[in-house]
Amino acid sequence: MFWWQWSVLVVAAVLAAIGFLCPPRGTVGQVLRIILAWFLPYALITVAFCTGYIQSMWMAVPYLAAAYFLYISFVRKHFG
């Protein structure tokens, strides 16, 4: 994997850890939930397709799995 692929996964992991372990309240919490539920999964899917085009689709599996995990986990929190 290239350095930018690792950095995308690290940023996603850090934001998800913040969202799960110590979710902020108020406006910051709402913005973080929107980012984790809507923006970040689609960004990860975009990176997955770029990775599949550049390398192979097996290299894209971690991004697709992370997008699925974030979408399912935080959409429930966003609407529930």
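In the predicted model, the contact between helices α1 and α2 involves W4, Q5, V8, A12, L15, A16, I18 and G19 on the α1 side. Their counterparts in α2 are L32, I35, L36, L40, L44, V47, C50, T51 and I54. Helix α1 covers residues 3–21, and its axis lies 11 Å from that of α2 at a packing angle of about 160°. Since angles over 145 degrees count as roughly antiparallel, the two helices are therefore roughly antiparallel to each other. The crossing of α1 past α2 is left-handed.

Helix α2 comprises 29 residues, from 26 to 54. The distance from its first C-alpha to its last is 40 Å, close to the 42 Å expected at 1.5 Å a residue. A bend of about 40° is found in α2 at I35, a residue that also takes part in the contact with α1. The buried residues of α2 are G29, L32, L36, A37, L40, P41, L44, V47, A48, T51 and G52. Several of these also meet α1, among them L32, L36, L40, L44, V47 and T51.

On the α1 side, G19 was examined further. This glycine belongs to helix α1 and has a relative accessibility of 6%, so G19 counts as buried, the cut-off being under 20%. Apart from neighbours within four places in sequence, G19 is in contact with L32, L36, F74 and K77. Of these partners, L32 and L36 are among the buried residues of α2. F74 is 55 residues from G19 in sequence, while the C-alpha atoms of G19 and F74 are 8.7 Å apart in space.

How values were computed: Residues numbered from 1 in each chain as written. Predicted model: local features only at pLDDT ≥ 70, side-chain atom pairs only at ≥ 80, totals over all residues. Heavy atoms only, no water. Helix = DSSP H or I, 4+ residues; strand = E, 2+ residues; numbered from the N terminus. Expected span 1.5 Å × (residues − 1). Bend = angle between axes of the 7 residues up to and from the residue. Buried < 20%, exposed > 50% of the residue type's maximum accessible area, 1.4 Å probe, protein only. Axes fitted to C-alpha atoms, helices over the stretch in contact; angles between N-to-C directions. Parallel < 35°, antiparallel > 145°, perpendicular 65-115°, else oblique. Left-handed = near helix turned anticlockwise from the far one by under 90°. Contact = heavy atoms within 4.5 Å.
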